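Reader: I am new to this structure. Please pick one part and take me through it closely. Then show me what lies around that part.

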Amino acid sequence: MMDDVDLTLDRLLRAGAQAGDEAEREIPFGFDTRVVALWRASASNGNGLARLLQRVALVASAVIVVAGAAAFREIKKSREIGEPLTNEFAIADSAIQSEISQ
Amino acid sequence: MIFVKMFQNLSQFSGAVPLEHWVSRIAINTCLNQIAAEKSRPEFRQADLSEEELAVMENLAATSDELAPDQSFASRQLVEHLLTALKPAERLVIDLLYLQGRSVAEIKQLTSWSAALVKVRAFRARQKMKKQLTAISRKEK
């Protein structure tokens, strides 16, 4: 059988259950702003090693692009030079061959 | 509580370690401090109550009606205070059964306890809470 204290406790628990725990889950006012401000401040100082690696990666990428372009240009140039020479050699070769056969 | 501590000590965060590690360290320390505090002071005292919680106590003693919705937050705080003196398992069963409104079957599934154990723990927890509530009511008078 329920006594008075039991009923009182039940009333208290029912009222407490209504509140839920939304209030406790709220983050304090301005917390997110402070986190972002701190993150920005720390991002500007940065870690020395990370910044160095970043720069090395950038320079390396630039070098790869320049070297690639230069290599492509050289290949193209050598093909342009090589093609007429090959033709001349072929013409001369066929002329010699025909002369020998006569 | 952990959020508040983070907020207060945000200036101490150097950025040398990831934020997650720093937050988890604060959370662990807060929990350890709380456990230590509960061990050193397991009894709940009337001086721990806020004005709103005292008003809830007065209302509970004065009428047999349900508490007003504007007192629900203070009621929750009072319940939380009463829960601090309970064992973790008892605290859990009260939270699930009364504050979250789960059934014994659900608690059985969640905790892997038998239905009898859930009921026994809830009964023991209620007895302790009643004892505390009576003690506070007496002091108030």
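Author: Start with one term. Two residues are in contact, or touch, if their C-beta atoms, placed from the backbone, lie within 7 Å. Next, the ground rules. This is a predicted model, in which local features need pLDDT of at least 70, side-chain atom pairs count only at pLDDT 80 or more, and totals for chains, interfaces and linings use all residues. Residues are numbered from 1 along each chain as its sequence is written, while chains are lettered from A and ligands numbered from 1 in the order in which they are written.

The part to look at is α1 of chain A. Helices are DSSP runs of H or I with at least four residues, strands are runs of E with at least two, and both are numbered from the N terminus. Helix α1 of chain A covers residues 4-19, and A:Val5 sits in this helix. The expected span of a helix is 1.5 Å times one less than its number of residues. For the 16 residues of α1(A) that gives 22 Å, and the end C-alpha atoms are 23 Å apart, so the two agree.

How reliable is this helix? pLDDT is the predictor's confidence in each residue, from 0 to 100. Among the elements of chain A, α1(A) has the highest mean pLDDT, 89, and helix α2 (residues 22-25) the lowest, 56. Where pLDDT is low, the predicted coordinates should not be read in detail. Chain A as a whole averages 79, with 75% of its residues at 70 or above. Chain B averages 85, with 92% scoring at least 70. For the complex, the predictor gives an ipTM of 0.71 and a pTM of 0.52.

Now the two chains. Chain A has four helices and zero strands. Chain B has seven helices and zero strands. A residue is buried if 20 or more other C-beta atoms lie within 10 Å of its own, exposed if 12 or fewer, and partly exposed in between, with C-beta atoms placed from the backbone. In chain A, 6% of the 102 residues count as buried. In chain B, buried residues make up 23% of the 141.

Back to α1(A). Its buried residues are A:Leu9, A:Leu12, A:Leu13, A:Ala15, A:Gly16 and A:Ala19. They cover an arc of only 165 degrees around the axis, which puts them on the same side of α1(A). That arc is taken from the directions from the helix axis to the C-beta atoms. A:Val5 is another matter: it has 17 C-beta neighbours inside 10 Å, so this residue counts as partly exposed. Beyond its neighbours within four places in sequence, A:Val5 is in contact with B:Lys130, B:Leu133 and B:Thr134.

Those partners belong to the other chain. The contact between the chains takes 20 residues from chain A and 25 from chain B. On the chain A side, α1 and α3 (31-45) each supply at least two residues. The largest share, 13 residues, comes from α1(A). By class, this side has twelve nonpolar, four polar and four charged residues. Here Ala, Val, Leu, Ile, Met, Phe, Trp, Tyr, Cys and Pro count as nonpolar, Asp, Glu, Lys and Arg as charged, and the others, Gly among them, as polar.

Next comes the core. A nonpolar core is a set of buried Ala, Val, Leu, Ile, Met, Phe, Trp, Tyr and Cys residues joined through C-beta atoms within 7 Å. The largest one has 27 residues, of which A:Leu12, B:Val79 and B:Ile94 touch the most other members. α1 of chain A and α3 (51-62), α4, α5 (88-99) and α7 (115-140) of chain B each supply at least two residues of this core. The largest share, six residues, comes from α4(B).

Look at α4(B), residues 72-83. Its twelve residues reach 16 Å from first C-alpha to last, close to the 16 Å expected. Buried residues here include B:Val79 and B:Leu82. Not counting residues up to four places away in sequence, B:Val79 touches A:Leu12, A:Leu13, A:Gly16 and B:Leu99.

One more partner of α1(A) lies in α7 of chain B: B:Met129. This residue is buried, because 23 other C-beta atoms lie within 10 Å. Leaving out residues up to four places away, B:Met129 touches A:Leu9 and B:Leu82.
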